[in-house]
Each structure stands twice: as structure tokens, then as C-alpha cells.
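Trainee: Please pick one part of this model and go through it closely. I would like the surroundings included, with the cut-offs behind each term.

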Amino acid sequence: MAAPGRRERTKAANRAAILAAGRARFAERGYDAVGVRDIVRGTELASGTFYNYFPDKEAVFRAIVEEFGEEARRRVREARRSASNAEDFLESGFRAFFEFIVADPVTFAFLRRNLGTIRERFGDAVLPAGLGELEEDIRAAVARGDLPDVDVGYLAHAMLAVGLELGQELAERDPPDVEGATAFVTGLFSQGVSGLSRRYAGASCAPASPSS
């Protein structure tokens, strides 16, 4: 019974070593400039061992993004669920996301260099889950009366898109301005949400009637 336990621990340690090396290399050089050999050189593993865990660098990158996404969603959702009004709901969620970006130096470097790649090529690893959770939290906030009765889908997509874009802008600034970004996006959405109502959702997108 002890042998399988040791094997599992070794496998977990090897996988963690590959992911740690991948994070460091992608943070230093960016996704396109890193190859499998670069990742393996950051570990004490033999080159062939890599392929026991991952088929290519894309799989390593995706696993890193999924880990980051899971932790970011956990922090953001915890913050949103503790909110007591509309402004707090918006501010706490965005602040938690921006603080996550800059909290750990390796995470910050990885995201700073690769946010564009994540959004364009690996968005499916994080965006659907984040969007679904955000929609659930918005519905719950509307039901509690913390948010007005808005179009949940529109608001969730808008918040996610703006959060990602502003997160990239924040990451490119030196030093990163978490407070400024949080205040800006909170004001933007607080003022916008206060004027929304479900009965108007989509009205401006309706096609015009053809003239006679």
C-alpha cells in the first residue's frame, strides 16, 4: 500500500515542477518564445519525463491558466457574495480580480506578459466558467435587491470584457494602479447600472422597420 502512495506523490511533484518551470519561463519570455526544452531545463527531470505528463507546451500553458482562473474566480466570487449593495457588488469583485493579478510576483509577470495570448487563444479555459458564475451572482444580487432588474447576460458580458481589458491595462502600468482601476470601473458600472431596466434591454438593437 505504501508504494502506490509514493508513486502518486512523485507524479504530483513532477507535474508541479513542470508547471512551476512553465510559469517562470512564460513569465520571462512569453508564450510564443518558449519551447518544451526551455520548460524542461527549469526542472531536474529528464526530457522524456515531460511527455508522461503533458503532450506539448500548449497543454502546460493551459493547465497554468486553468489554475490561475480557478483561484481568481474563487477570490472574486467570495468578494461579490459578501457585498450588501450594488456599488459594493461591483467594487468588491473588480478589486479582488485586480488584487489577484498583482499579488504574487510570478503570477503578475505571467499575466502581464501573456494576457493577450490568454484572451485570444486560451479564453475557453477560463471565460465560460467565469461568465457562468458571474451570471449566477448577478441573478442572486437582483433577487436580493442589491442590483436593479437588468439584463443579466448583457451585464455579465460587459463586466467580464471590461475587467479583462482593464486588467491588462493595469498590468502594463508601472506601478500597477489597483485603486485607480477599481475606482474607475466601479464608477463606470455603478452609473450605468443605475439607469438600466430589463424592459429596455435589447430595444436599441432591434432592426428598424423597412420604410414603405
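Mentor: Y31 counts as buried, because its relative accessibility is 5%; buried means under 20% relative accessible area, exposed over 50% and partly exposed in between, with a 1.4 Å probe and protein chains only. F122 is also classed as buried, at 2% relative accessibility. This is a predicted model, in which local features need pLDDT of at least 70 and side-chain atom pairs count only at pLDDT 80 or more, while totals for chains, interfaces and linings use all residues. Numbering runs from 1 along each chain as its sequence is written, and side-chain values use heavy atoms, with hydrogens and water left out.

The structure holds 14 aromatic pairs. Rings of Phe, Tyr and Trp (its six-membered ring) pair if their centres lie within 6.5 Å; planes under 30 degrees apart count as stacked, over 60 as edge-to-face and the rest as tilted. Y31 and F122 have ring centres 5.4 Å apart and planes at 70 degrees, so this pair is edge-to-face. The pair links distant parts of the chain, 91 residues apart: Y31 is in the loop between helix 1 (2–29) and helix 2 (36–41), and F122 is in the loop between helix 6 (105–121) and helix 7 (127–144). Helices here are DSSP runs (H or I, at least four residues), as strands are (E, at least two), numbered from the N terminus.

Another edge-to-face pair is F50 with Y51, at 5.1 Å centre to centre and 80 degrees between the planes. F50 counts as buried, at 1% relative accessibility.

Back to Y31. Ring pairs link Y31 into a cluster with F26, F61, F68, F100, F110 and F122. K57 lies over the face of Y31, 4.2 Å from the ring centre; a charge sits over a ring if NZ of Lys or CZ of Arg is within 6 Å of the ring centre and within 35 degrees of the ring normal.

Two members of the cluster, F26 and F110, lead into the interior: along with V60, F98, I138 and M159, they have the most contacts inside the largest nonpolar core, which has 57 residues. A nonpolar core is a set of buried Ala, Val, Leu, Ile, Met, Phe, Trp, Tyr and Cys residues joined through side-chain atoms within 4.5 Å. Helix 1, helix 2, helix 4 (57–81), helix 5, helix 6, helix 7, helix 8 and helix 9 each give two or more residues to this core. Helix 4 supplies the largest share, 9 residues. In soluble globular proteins, nonpolar side chains tend to be buried together.

A63 is in helix 4. With a relative accessible area of 8%, A63 is buried. Neighbours within four places in sequence aside, A63 is in contact with R15, L19 and F54, contact meaning heavy atoms within 4.5 Å. On the same basis, M159 is in contact with F89, L90, F94, L134, I138 and F189.

F189 brings in helix 9 (residues 178–194), where it is buried along with V178, A181, T182, V185, T186, S190 and V193. These buried residues cover an arc of only 145 degrees around the axis, which puts them on the same side of helix 9; the arc is that of the directions from the helix axis to the C-beta atoms. Helix 5 (86–103) and helix 8 (152–172) are included in what covers them. The face turned away from the buried side carries the exposed residues A183, F184 and Q191. Ahead of this helix, P175 lies in the loop between helix 8 and helix 9, and the peptide bond joining D174 and P175 is cis, with omega about 0 degrees. Most peptide bonds are trans.

For the setting as a whole, the protein has 9 helices and 0 strands. Buried residues make up 41% of its 212 residues. Among contacts between residues at least 6 apart in sequence, 70% join residues at least 24 apart. The C-alpha trace spans about 70 × 45 × 35 Å along its principal axes.
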